[in-house]
There are 6 protein chains.
Amino acid sequence: MTNPEETRIERFRRERSALNETVMRYAGQGIKRYYHLDWAAYQPGALDVKTKELLGLVASLVLRCDDCVTYHVDRCLQEGVTSAELQEALNIGLVVGGSITIPHLRRALQTWDEAVAAGLHPSAGSAAGASDGGE
Amino acid sequence: MTNPEETRIERFRRERSALNETVMRYAGQGIKRYYHLDWAAYQPGALDVKTKELLGLVASLVLRCDDCVTYHVDRCLQEGVTSAELQEALNIGLVVGGSITIPHLRRALQTWDEAVAAGLHPSAGSAAGASDGGE
Amino acid sequence: MTNPEETRIERFRRERSALNETVMRYAGQGIKRYYHLDWAAYQPGALDVKTKELLGLVASLVLRCDDCVTYHVDRCLQEGVTSAELQEALNIGLVVGGSITIPHLRRALQTWDEAVAAGLHPSAGSAAGASDGGE
Amino acid sequence: MTNPEETRIERFRRERSALNETVMRYAGQGIKRYYHLDWAAYQPGALDVKTKELLGLVASLVLRCDDCVTYHVDRCLQEGVTSAELQEALNIGLVVGGSITIPHLRRALQTWDEAVAAGLHPSAGSAAGASDGGE
Amino acid sequence: MTNPEETRIERFRRERSALNETVMRYAGQGIKRYYHLDWAAYQPGALDVKTKELLGLVASLVLRCDDCVTYHVDRCLQEGVTSAELQEALNIGLVVGGSITIPHLRRALQTWDEAVAAGLHPSAGSAAGASDGGE
Amino acid sequence: MTNPEETRIERFRRERSALNETVMRYAGQGIKRYYHLDWAAYQPGALDVKTKELLGLVASLVLRCDDCVTYHVDRCLQEGVTSAELQEALNIGLVVGGSITIPHLRRALQTWDEAVAAGLHPSAGSAAGASDGGE
């Protein structure tokens, strides 16, 4: 059932979608509206989408939720966040949340690294997305 | 070592039991007494068992512990909690604990859904357990 | 500005109300809808209000939020939860959440004890509310 | 010792500074370097200071630390974050972290509201800082 | 009701004792046994009392519970932990738990500093307890 | 890619090492320095290494991070912590952090038990490491 060519992000998208269908079969109005509120919080407003996704990523990292981190890593990727921006945001999460976040930070960068290598970053083909990084 | 016909709940029961045997080989009096106190907290008293298991479930959801959620989903199932009751309790956990609980809520309902489908709910055979749900 | 005759619960109600007015002056649609969802989660449904307030109380205790605990202690009081029921629910929170919850459990019972003594429990005047407790 | 004309933010600045002096008298190299790393994480880089302070604010809100929230509310104020931007960031923290963050969100907006009223926002005197808000 | 000559630790001891009396009036067997288990965990065994109190201190710091931190700061003081040992343990809590622990670390050292100055450390009168610290 | 003869600790060492290489390719100075601070916190000082590793273990248990627990279980093993010392430290984590830590405690002892059986404890060959345990 696992496709060996699938990246972590692609597998996460597929499994999350299937599980959300199960949730919706049981969900009352409360859970359904929560899903909508969650979606609405990341729509553009006074802050742009990229900033909001970085906020979601750092919140997920300090609360140490791998699935939430993967979701926002994926969204940051789609919004064209650069590797340098990503690692600065993760660094804030690390400093605020401590070394207990390191296993999640490791998996976040593994997911990001694999997705960039698979050409999922909007800058793929140009040099911009992959060549930045450390100092 | 994995039986493909085993449900998540049945596998959880088996693995939990094996690991608890390891714990007991190392446990001093403190850990042993903690296990007893934990068991005693869910015995009937001024509150009935079903209410107590729902309390344990929501506490586990907001603290985001999958194994603890699975344990209380199983206990709720055994106590005949209905799907409508379960989703209302999970909704309180979601509202209190935020979207960071959603991955755990997803897995809780996947476990519940699979167990109901496998006929593990006491109402299996009647229509009561499986037909309720969303609005 | 502090009324010495006011109980903790009464002061909490007053201050919470004033602060929520400030929130509403700044809140966009997201925060406003969250407040509504939060309110709706505790309305009667498949589970009754008393059970839902106990779920909110235990979730607040294990997440160790004093204001949230005070709010649900107040709501449990209004719903006629007995002292024996309250302490059994708090015990589940203690066992699940550990001794780190004890300072919050202490303040929860101080708030409850003061409110019962001030006649705020619906059973005040009868013997029912105050005479139960330990074993 | 309390100056009644002092805002919450001004009192926080004063007390934090005094306590950090005590910390430095006991701190070894580890704690001293941590303080430096913490400072460095919010310096401008691939992300600008305003974005980084919003990241710190949301991380502090979901981890429910009042002092940390006050610190980043103050820093957001100094960086000219608008009320509309602030409430959108807080809304993300609320949705991710749940209603358990509401007491902290209330105090964050109380602190912000008081500081704006005291003329501490860089836009004070113009209409920009104070007139935005809800929808 | 506040004695201005009382240290933070002395006030904490007095208030904690009064609140625990309230808890015991409501507590069933579960809460009472939890209190005993909590006490027993810090008795000497394969690990000595000083090490166990440092473990309790660091656990309390990373879980960010001021009352629990104050309690274990007091116990460390009674067991003759030195300032250098204390700050190394706190540093581990800081690195593991992140900058979100800093407000608690600040108050821990304020409590410690005040108690050492008040002569509550067993080494008071000798130079040993107060003269160590940073590097 | 999985070697069936590898213990959990050995697999963890290998995977952690590979992931840290990915982190270092993206890490700026902040993350790199955090890794160094984290390492430095456990070096010998006023407290010895064994005590510091027990502090790291209990902090990781109450924060419920399996990878962090596995890392410190491995380090405790290397430092010659005995099974009796380990279970007393874990008991403090359990009492402070509650039953929500039990799944992590179970996996910690499974990892420890397997490593002791595989001869990874420094006392292997003598009776000292494996024969202690419960009361």
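Which residues touch the most other members of the largest nonpolar core? In this predicted model, they are A:Val58, B:Val58, C:Val58, D:Val58, E:Val58 and F:Val58. The core itself holds 239 residues. The surroundings of D:Val58 illustrate the setting. Neighbours within four places in sequence are left aside here. Within its own chain, D:Val58 is then in contact with D:Ala89, D:Ile92 and D:Gly93. Across to chain A, D:Val58 is in contact with A:Leu55, A:Val58 and A:Ala59.

The pairing of chains A and D was examined next. A turn of 180 degrees lays chain A on chain D, with a shift of 0.0 Å along the axis. The RMSD of this superposition is 0.0 Å. This is therefore the relation of a two-fold axis. Both copies use the same surface, since 100% of the contact residues of chain A recur in chain D. Chain A brings 27 residues to the contact, and chain D brings 27 residues. On the side of chain A that touches chain D, the elements giving two or more residues are helix 2 (29–40), helix 3 (49–62) and helix 5 (83–97) of chain A. Helix 5 of chain A gives the most to this side, with 10 residues. By class, the side of chain A that touches chain D has 15 nonpolar, 8 polar and 4 charged residues.

Chains E and B form another pair. Chain E can be laid on chain B by a turn of 180 degrees. The shift along the axis is 0.0 Å, and the RMSD is 0.0 Å. Among the residues of chain E, E:Tyr34 comes closest to the rotation axis. Its C-alpha lies at 4.1 Å. Here, too, the same surface serves both copies: 100% of the contact residues of chain E recur in chain B. The contact joins 6 residues of chain E to 6 residues of chain B. On the side of chain E that touches chain B, 4 residues are nonpolar, 1 is polar and 1 is charged.

Helix packing was followed within chain D. Helix 4 (residues 66–78) and helix 6 (residues 102–117) of chain D have axes that come within 10 Å. These axes cross at roughly 35 degrees. The crossing of helix 4 of chain D and helix 6 of chain D is right-handed. From helix 4 of chain D, the contact takes D:Asp66, D:Val69, D:Thr70, D:Val73 and D:Leu77. These meet D:His104, D:Arg107, D:Ala108, D:Thr111, D:Trp112 and D:Ala115 in helix 6 of chain D. The contact of the two helices has 6 nonpolar, 3 polar and 2 charged residues.

The backbone was also examined in the loop between helix 3 and helix 4. Most residues other than glycine have a negative phi. A:Arg64 is not a glycine, yet A:Arg64 has a positive phi of about 60 degrees. A:Arg64 lies in the loop between helix 3 and helix 4 (66–78) of chain A. A:Arg64 is buried because 21 other C-beta atoms lie within 10 Å, where 20 or more are required. C:Arg64 likewise has a positive phi of about 60 degrees without being a glycine. The loop that holds C:Arg64 runs between helix 3 (49–62) and helix 4 (66–78) of chain C. C:Arg64 has 21 C-beta neighbours inside 10 Å, so C:Arg64 counts as buried.

Note on methods:
Residues are numbered from 1 along each chain as its sequence is written. Chains are lettered from A and ligands numbered from 1 in the order in which they are written. This is a predicted model: local features need pLDDT of at least 70, side-chain atom pairs count only at pLDDT 80 or more; totals for chains, interfaces and linings use all residues. A nonpolar core is a set of buried Ala, Val, Leu, Ile, Met, Phe, Trp, Tyr and Cys residues joined through C-beta atoms within 7 Å. A residue is buried if 20 or more other C-beta atoms lie within 10 Å of its own, exposed if 12 or fewer, and partly exposed in between; C-beta atoms are placed from the backbone. Two residues are in contact if their C-beta atoms, placed from the backbone, lie within 7 Å. Copies are superposed by least squares on the C-alpha atoms of residues with pLDDT of at least 70 in both. Ala, Val, Leu, Ile, Met, Phe, Trp, Tyr, Cys and Pro count as nonpolar, Asp, Glu, Lys and Arg as charged, and the others, Gly among them, as polar. Axes are lines fitted to C-alpha atoms, for helices over the stretch in contact, and angles run from 0 to 180 degrees between N-to-C directions. Helices (H or I, at least four residues) and strands (E, at least two) are DSSP runs, numbered from the N terminus. A crossing is left-handed if the near helix is turned anticlockwise from the far one by less than a right angle, and right-handed if clockwise.
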